[in-house]
Structure formats: structure tokens, C-alpha cells
Amino acid sequence: MLDADSIPENHTWTDELVAVSDRVCLPTLVIRGEQSDIVDDAGVAEMRALVPQTEIFTIPDAGHMVAGDKNDVFNSGVIDFLRRSVAAL
């Protein structure tokens, strides 16, 4: 994998990810917990602006670790998205 020692301390991946975001052409899903302190509304809006086909699935009463907080709801959201997305391809 990545050699962490070779990455400068001030390096961030944000600019590189933004630069290639217009190449994303597949259906995209972001699952977020409603109470996440990491993925906020501004982050969701930015993702939608960068990758317009992004679908947002918000899980009520879940924090950032949605798979652990609401595993059944998380799984259902992923399966539903895959069923719809794979059928569309």
C-alpha cells in the first residue's frame, strides 16, 4: 500500500480528488448517519456538486459509524441502491 513516510505532512488528497471528480460516471452512493459529526450538510452539498449523480442515503438516529449504529438499515440501503444501479447499467 502507501508508504506513509514518503508522504509530506502537509499533503492532502482533497485537491486531487476534486480534480478527478468529473470523471466519475457511475452511480454513486453516500451513506451518512443523520447525527454524523464528520459528514455534514455542507459536505453532502459539495459531493453533489462534484458528482451530480450522487445519491445520498441518510440513516436516522445514526452517528458516523452507520454500519455499526444501524446495520440492518445500512445493509438495506446498499442492497436497494445496487439493485437499482446494476439494473440501470
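Q: Why is arginine 32 called buried?
A: Its relative accessible area is 9%, and buried means under 20% (exposed is over 50%, partly exposed in between, using a 1.4 Å probe and protein chains only). So 9% earns arginine 32 the label buried.

Q: What kind of model is this, and which local features count?
A: It's a predicted model: local features need pLDDT of at least 70, side-chain atom pairs need pLDDT 80 or more, and totals for chains, interfaces and linings use all residues. Residues are numbered from 1 along each chain as its sequence is written, and side-chain values use heavy atoms, leaving out hydrogens and water.

Q: What makes the link between arginine 32 and aspartate 41 a polar contact?
A: Their side chains are joined at 3.0 Å. The cut-off is a pair of N or O atoms within 3.5 Å; within protein, one must be able to donate a hydrogen and the other to accept it, and sequence neighbours count only if both atoms are side-chain atoms. So 3.0 Å passes the distance test.

Q: What makes residues 28–33 a strand?
A: Strands are DSSP runs of E with at least two residues, and helices are runs of H or I with at least four, both numbered from the N terminus. S1 covers residues 28–33 and has six residues, five of them buried; arginine 32 sits in this strand.

Q: How do you know that S1 and S2 pair?
A: Two strands pair if DSSP finds at least two bridges between them. Six bridges join S1 to S2 (residues 54–59), so the pair qualifies, and the strands run parallel. Threonine 28 stands opposite threonine 54 in S2, while glycine 33 has isoleucine 59 as its bridge partner there. Between S1 and S2 the chain passes through helix H2 (residues 41–50), in a right-handed β-α-β crossover; right-handed means that, with the strands pointing away from you, the path from the first strand over the helix to the second runs clockwise.

Q: Why is methionine 65 called exposed, and serine 36 buried?
A: Methionine 65 has a relative accessible area of 59%, which is over the exposed cut-off. Serine 36 comes in at 12%, so it falls on the buried side. Methionine 65 is in the loop between S2 and helix H3 (66–69), serine 36 in the loop between S1 and H2, and their C-alpha atoms are separated by 7.9 Å despite being 29 residues apart along the chain.

Q: What makes serine 36 a polar-contact partner for isoleucine 38?
A: The serine 36 side chain reaches the backbone nitrogen of isoleucine 38 at 3.0 Å, inside the contact limit. A polar atom of that side chain also lies 2.9 Å from the backbone nitrogen of valine 39.

Q: What makes aspartate 61 stand out in its phi?
A: Its phi is positive, about 60 degrees, although it isn't a glycine. Most residues other than glycine have a negative phi. You'll find aspartate 61 in the loop between S2 and H3.

Q: How do you know which residues line the largest pocket?
A: On a 1 Å grid over the protein atoms alone, a pocket is an open set of points with protein on both sides within 12 Å along at least five of seven lines, and lining residues have an atom within 4 Å of a point. Among those that pass are Thr14, Leu17, Glu46 and Met47. Helix H1 (14–20) and H2 each supply at least two lining residues.

Key: On a 1 Å grid over the protein atoms alone, a cavity is a set of points where a 1.4 Å probe fits but cannot get out, and a pocket is an open set with protein on both sides within 12 Å along at least five of seven lines; lining residues have an atom within 4 Å of a point.
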